[in-house]
Amino acid sequence: MRNFELAGRIAWLLDPGIEQQAGEVRVARLYLEMISSFQRDRYTAENFDKAAEKRSKTARDQKLAEARGLFERVEVDLSSPEAFGNWNIGGEALPGLGTAVDAFLEVSFKGKSKALYDILSDYSHPSLSAIARQTMPVEVEGVALRPWTVEIEIVERQVHYACAILYKAAH
C-alpha cells in the first residue's frame, strides 16, 4: 500500500501532463511535498523527541523561506495536520494521498485500474469487513478465536499489483 501512495506522490510531482511552465509547477509541488513532510515529522516528534521536533521545524522553516523567495503565493497553514488540504504554493495545491494515487493511475494505467487502490487498501487498512474476510472463526477450549488466514491467490494478486505499481512508478 505504501508503494502505491509513494507512486502517487511521484506521479503528482512529475506529472507529464503539465504543458505550460512545467518546471515552475514541479518546483512548487516539490516545496509543498518537502514542507508538508517536515511538518508531519514535527507533529510526530513533538510527543516523544523534542530535539527531532526542533530539527524538523528548522528544516521546514528553511524550505518555507525558500518557497517564499521563489513564489508570490505561499499559503501554508501550520496550525494542524487537517490544514494541509488548504495549502497552496505558486497556484499549486497539496493533494491528499487518494488524489495523488488517482493521478498515478491516470498516468500509468490510463485510469483503467482505479480499483487497484481500493483492493490494496481493503487488505492493508483495518476494517471489520476486511478482518471478517481474512480470518476464520474457530473455538478452542471454549474461547472464540479468529486466526488470520492467508489465501495464496490473494497474496499472489497483491504481489502482482505491487510489482506493476513499482514498475510504472520507476518509468
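1. The β4–β5 loop. Glu-141 sits in the loop between β4 (138-140) and β5 (143-145). This is a predicted model, and Glu-141 deserves a look in it. Its phi is positive, about 50 degrees, although Glu-141 is not a glycine. Is Glu-141 buried or exposed? Its relative accessibility is 81%, over the 50% cut-off, so Glu-141 counts as exposed.

2. A second positive phi. Lys-110 comes just after α4. Its phi is positive too, at about 55 degrees.

3. Helix α4. The helix covers residues 97-109, 13 residues in total. From first C-alpha to last, α4 reaches 17 Å. That is close to the 18 Å expected at 1.5 Å a residue. Which residues of α4 are buried? They are Ala-100, Val-101, Phe-104, Leu-105, Ser-108 and Phe-109. Viewed down the axis of α4, the buried residues fall within an arc of 145 degrees, so they line one face of the helix.

4. Helix α3, length. This helix runs over residues 50-70. Its 21 residues should span 30 Å at 1.5 Å a residue. The end C-alpha atoms of α3 are 30 Å apart, which agrees.

5. Helix α3, two sides. The buried residues of α3 are Ala-52, Glu-53, Ser-56, Ala-59, Arg-60, Lys-63, Leu-64 and Ala-67. Charged names appear in that list: Glu-53, Arg-60 and Lys-63 are among the buried residues. Down the axis of α3, the buried set falls within an arc of 140 degrees, so it lines one face of the helix. What does the face turned away from the buried side carry? It carries the exposed residues Lys-50, Lys-54, Arg-55 and Gly-69.

6. Overall layout. The protein has 7 helices and 5 strands. Along the sequence, they follow the pattern α-α-α-β-β-β-α-α-α-β-β-α. The protein has 171 residues, and 34% of them count as buried.

7. The largest nonpolar core. In soluble globular proteins, nonpolar side chains tend to be buried together. Here the largest nonpolar core holds 18 residues. Which members touch the most other members? They are Ile-35, Val-74, Val-76, Trp-87 and Ile-89. At least two residues of this core come from each of α1, α2 and α3. Helix α2 gives the most, with 5 residues.

8. The largest pocket. Rolling a probe the size of a water molecule over the atoms shows where empty space is left. The largest pocket contains about 310 Å³ of space. It is lined by 16 residues, and the closest to its centre are Arg-9, Glu-33, Ser-37, Arg-40 and Leu-97. Two elements, α1 (2-14) and α2 (22-45), give two or more residues to the lining. Helix α1 gives the most, with 6 residues. By class, the lining has 7 nonpolar, 3 polar and 6 charged residues.

9. Ala-7 and Leu-97. Ala-7 lies in helix α1. It counts as buried because its relative accessibility is 2%, against a cut-off of under 20%. Ala-7 and Leu-97 are 90 residues apart in sequence. In space they are 10.0 Å apart, C-alpha to C-alpha. Leu-97 is also listed above, among the residues closest to the centre of the largest pocket.

10. Ala-28 and Gly-90. Ala-28 is found in helix α2. Why does Ala-28 count as buried? Its relative accessible area is 0%. Ala-28 and Gly-90 are separated by 62 residues in sequence. Their C-alpha atoms are 5.8 Å apart in space.

11. Glu-75 and Asn-88. Glu-75 belongs to strand β1, residues 74-75. Val-74, in the core list above, belongs to that strand as well. Glu-75 is partly exposed, because its relative accessible area is 38%, between the cut-offs of 20% and 50%. Where does Glu-75 lie relative to Asn-88? The two are 13 residues apart in sequence and 5.0 Å apart in space, C-alpha to C-alpha.

Definitions and conventions: Residues numbered from 1 in each chain as written. Predicted model: local features only at pLDDT ≥ 70, side-chain atom pairs only at ≥ 80, totals over all residues. Heavy atoms only, no water. Helix = DSSP H or I, 4+ residues; strand = E, 2+ residues; numbered from the N terminus. Expected span 1.5 Å × (residues − 1). Buried < 20%, exposed > 50% of the residue type's maximum accessible area, 1.4 Å probe, protein only. Arc of directions from axis to C-beta. 1 Å grid on protein atoms, 1.4 Å probe; cavity = no way out; pocket = protein on both sides within 12 Å on 5 of 7 lines; lining within 4 Å. Points joined across faces, edges and corners; volume = space filled by probe spheres on them. Core = buried A, V, L, I, M, F, W, Y, C linked by side-chain atoms within 4.5 Å.
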